[in-house]
Amino acid sequence: MFDMESVITTLAPELLLAAAGLIGVLAGAIIGDRFNAISFKLGAVVLFAAAILSGFYWEGGRAFDGLVETSAFVNLAKIVSFVAAGLALLMAESFLERHQTQRYEYSLLVIFAALGMGTILSSADLMTLYLGIEMLSLSSYVLASFHRDSPRSAEAGLKYFVLGALASGMLLYGISLVYGFSGGTSYEALASADPTIGFMFGMVLMIVGLAFKVSAAPMHVWTPDVYEGSPSPVVAFFATAPKMASMVVFVVIMLKAFSSGLDTINLPLVVGLNWQLIIAIVAAASMLVGAFGALIQDNIKRLLGYSSVANMGYALVALSAAAYLPEAVDPSLFADTGSFEAAKAASVAAAQAVTTTGASAIMIFMTAYVIASLGLFGGVLSMRRDGGMVENKHELAGLVRHKPALAIALTVLLVSVSGFPLAFGFIGKLSVIEAAAMSGLLPLIIILIISSVIAMYYYLYIVKIMWFDEPAEVFEPVGGMVTFVVYLTAIASIALFIFVAPFSELAADAAASLLS
């Protein structure tokens, strides 16, 4: 039976985004170019309103016979994603105006991409998941090549499209195998399926497809090229909102669709064991490839692209730690059934605590990463000289002499994303390490620390360039919204570092709702 109340409770932000997108298409067709300038502000307002609706319906709901389902964990991710998308859209306006590409289609594409993000976050079925992924992907391909007069932008869009189509095909093939061996497409059906070889093969293909979406190695090859070639405000969007949404969807799928169960006789049947090692290998590869890849980059957008790969590896460490691994309980060690059941329940409860810690760590880390990345790409948008953008990190030389406030803000953001203990990013990495330690993933902790030390070199090297090198030519003035976002994100990084307890509690409660 169609229940409008449950639909609104579950999908209110997506309904708003869909309505706004369709109305925007109609308005653009009727008004034409007069809609260009106002569309960016209206689009940002819609995205912020979608974030507010996600908070208003915090507890979430379930609709369309289980095709969509939301929780506090999902809604927190929606809030961060929609706010990041709105700020990225506001930063884009002045850039596109200077390049004579300020078109209302840009804001509509961002809105439809946000609708795709909301759809995948709300999905409780593989069909809904794929629908949302394609909506997000198709919008992203066009955004990457939006600067159509630029060969670099066209190349970035083509590379993204070709590799994205390959990843989508692998994801869809994995979905078909999982469906064939489980008999259903809902996450609940997958969670109760027998882990046969065919089922596991489908799961691996799905992991490959999802790894592409979050830029995890070895499916990361598109990231540096697309980051370098796409317009800078587009990259600011790619590096923040879709990353947050895709990583949280990755977590939801692995913990709900491919979770573990208990057999009814004696020992736990742990499906988590079948994917924990895969995720751990992907995490380790991402951390090392990202850290070493960024070392040799002079182009700051490519550097941040490889940095994104490494940071997704850090988040996947927490996902690997969140694998549901209750210890086996042997019934022969207990005198009666009641004692055995109590011991088994205690084992499951302990594993759930680890899972909650891992999911909470991902939320904290990804929020810190999104805040820092949004501000850093605001800094990239500030690098304008002689009528064009400059992207070499050495162009930031002596920035503190000309724009001290901007240099201080970028320093805070670089310190945060490096994980140095002066900003919110440190709390994010500390949460990941705590989750990994609880799961006994010592090798991943060692790799995380090594890659973080390497990353700290190229982050602090940029700080050294800004503070101690001889000043380069002064940058041209940029839009006030770009500077505002840089300052806002720097303040947020410091504020959340100081007042981390409330947000940590919020993330922990949200993570607990994922398992309830």
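The paragraphs below lead through selected helices, ring pairs, salt bridges and a surface patch of this structure. The model is a predicted one, and every value quoted is computed from it.

A convenient place to begin is helix α8, which covers residues 197-214. A helix is expected to advance by 1.5 Å a residue, so the 18 residues of α8 should span 26 Å, and the end C-alpha atoms are indeed 26 Å apart. The surroundings of this helix can be read from its buried residues. Of the 18 residues of α8, 14 are buried, so the helix is largely enclosed by the rest of the structure. Just after α8 comes S215, which takes a positive phi of about 65°.

Helix α9, made of residues 222-229, is also mostly covered, since six of its eight residues are buried. These buried residues are W222, T223, P224, V226, Y227 and G229. D225 does not belong to that group: its relative accessibility is 26%, and it therefore counts as partly exposed. E228 likewise counts as partly exposed, at 23% relative accessibility.

Both D225 and E228 are engaged in salt bridges. The side chain of D225 meets that of R302 in a salt bridge, with 2.8 Å from N to O. This pair links distant parts of the chain, for D225 belongs to helix α9 and R302 to helix α13 (residues 300-321), 77 residues apart. R302 itself is buried, because its relative accessible area of 16% is under the 20% limit. E228 also forms a salt bridge with R302, and here the closest N and O atoms are 3.0 Å apart. Again the partners come from distant parts of the chain, with E228 in helix α9 and R302 in helix α13, 74 residues apart. The wider arrangement is a network of salt bridges that links E155, K159, D225, E228 and R302.

The structure has 14 salt bridges in total. Another of them joins E69 to R62, with the closest N and O atoms 2.8 Å apart. E69 is partly exposed, at 26% relative accessibility. R62 is partly exposed too, with a relative accessible area of 37%.

Aromatic rings provide a further set of links, and the structure holds 17 aromatic pairs. One of these is formed by F35 and Y104, whose rings are tilted, with 5.7 Å between centres and 55° between the planes. The pair connects distant parts of the chain: F35 lies in the loop between α1 (4-31) and α2 (36-56), while Y104 lies in helix α4 (residues 104-122), 69 residues apart. F35 and Y104 are both buried. A second example is the pair of F424 and F503, which is edge-to-face, with 5.7 Å centre to centre and an angle of 85° between the planes. This pair, too, links distant parts of the chain, since F424 is in helix α17 (residues 424-438) and F503 is in helix α20 (residues 500-515), 79 residues apart. F424 and F503 are buried. Ring pairs also build a cluster, formed by Y141, Y160, F161, F212, W222, F237 and F238. W222 in this cluster is among the buried residues of helix α9.

Helix α3, which comprises residues 72-98, contains K78. K78 is buried, with a relative accessible area of 0%. Which residues are in contact with K78, leaving aside its neighbours within four places in sequence? They are T10, E14, S54, T70, G118, L121 and S122. S94 is found in helix α3 as well. S94 is buried, with a relative accessible area of 16%. When residues up to four places away in sequence are not counted, S94 touches G479 and V482.

The last feature is found at the surface. A nonpolar patch of about 510 Å² is made there by L288, F292, L295, I296 and Y457. Helix α12 (residues 272-295) gives the most to this patch, with three residues. F292 has its place in helix α12. Is F292 buried or partly exposed? F292 is partly exposed, with a relative accessible area of 47%.

Note on methods:
Residues are numbered from 1 along each chain as its sequence is written. This is a predicted model: local features need pLDDT of at least 70, side-chain atom pairs count only at pLDDT 80 or more; totals for chains, interfaces and linings use all residues. Side-chain values use heavy atoms; hydrogens and water are left out. Helices (H or I, at least four residues) and strands (E, at least two) are DSSP runs, numbered from the N terminus. The expected span of a helix is 1.5 Å times one less than its number of residues. Buried means under 20% relative accessible area, exposed over 50%, partly exposed in between (1.4 Å probe, protein chains only). Patches are made of residues with over 30% relative accessible area and no salt bridge: like charges are joined within 9 Å, nonpolar side chains (Val, Leu, Ile, Met, Phe, Trp, Tyr) within 5 Å. Accessible areas come from the Shrake-Rupley method with a 1.4 Å probe; for residues, only the protein chains shown count as cover. A salt bridge is a side-chain nitrogen of Lys or Arg within 4 Å of a carboxyl oxygen of Asp or Glu. Contact means heavy atoms within 4.5 Å. Rings of Phe, Tyr and Trp (its six-membered ring) pair if their centres lie within 6.5 Å; planes under 30 degrees apart count as stacked, over 60 as edge-to-face and the rest as tilted.
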